[in-house]
Amino acid sequence: SRIRSRKLAEKDVLDEIELEVEEFAMHIAIDYLKRNYPDQNIDQQPYQNPGFDILVGSEPNPICYVKLIATRKLSPAFQVSEYDRQFSIEKEDQYMVIIIHSIDLLDKTYKIHFYSGAIHSQAFLLTPNIWNACLIQD
């Protein structure tokens with residue numbers, strides 16, 4: 001139907017904008033990390049890499065695992081998977097979150113926040129919003 005086609009086209013445009021937002025933020029984050037860790041490898045990980053988005057240094061003992069949050073939202077709010085949260089706890093001493101929000105692609109403006117350590121309730125307001133459910137069968 002025409003409505004379905006229009007909705008799919010609108011979704012494609014939104015997906016393209018979100019991809020541009022993520023690429024914009026990735027450039028900012030990598031530039032920051034290169035300036036602050038000039039003698040270290042800065043490696044962008046594959047898209048949707050579990051746990052982190054950028055590796056500073058080299059495995060098995062990297063300097064830092066970086067989770068990059070890129071959003072057009074006006075506040076530094078984001079969704080995080082339980083896997084990523086647990087990874088941040090396991091790697092607490094080497095974990096950093098870079099939140100780039102209020103991104104305006106036309107004006108090339110944004111706000112940026114840096115946080116080092118685990119994603120936990122002492123530093124973040126955590127609200128569960130998705131549950132895994134499985135029917136209990138007799």
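## Buried charges

A residue counts as buried when its relative accessible area is under 20%. Keep that cut-off in mind for this predicted model, because K67 has a relative accessible area of 10% and so lands on the buried side. D53 is buried too, with a relative accessible area of 12%.

These two residues find each other: the side chains of K67 and D53 form a salt bridge, at 3.9 Å from N to O. K67 sits in strand β3, while D53 is in the loop between β1 (42-44) and β2 (54-56), so the pair links distant parts of the chain, 14 residues apart. There's a third partner to look for as well, since D84 joins D53 and K67 in a network of salt bridges.

## A link from loop to helix

Search the whole structure and you get 4 salt bridges. One of them pairs the side chains of R72 and E18, with N to O at 3.0 Å. R72 is in the loop between β3 (64-70) and α2 (82-90), and E18 belongs to helix α1 (residues 2-36), so this contact ties together parts that are 54 residues apart in sequence.

Neither end of this bridge is tucked away as buried: R72 is partly exposed at 38% relative accessible area, and E18 is partly exposed at 31%.

## A pair within α2

Helix α2 has a salt bridge of its own, where the side chains of E82 and R85 meet at 3.0 Å, N to O. Both residues lie in that helix, 3 residues apart, which is about one turn. E82 is partly exposed, with 45% relative accessibility.

Note on methods: Residues numbered from 1 in each chain as written. Predicted model: local features only at pLDDT ≥ 70, side-chain atom pairs only at ≥ 80, totals over all residues. Heavy atoms only, no water. Helix = DSSP H or I, 4+ residues; strand = E, 2+ residues; numbered from the N terminus. Buried < 20%, exposed > 50% of the residue type's maximum accessible area, 1.4 Å probe, protein only.
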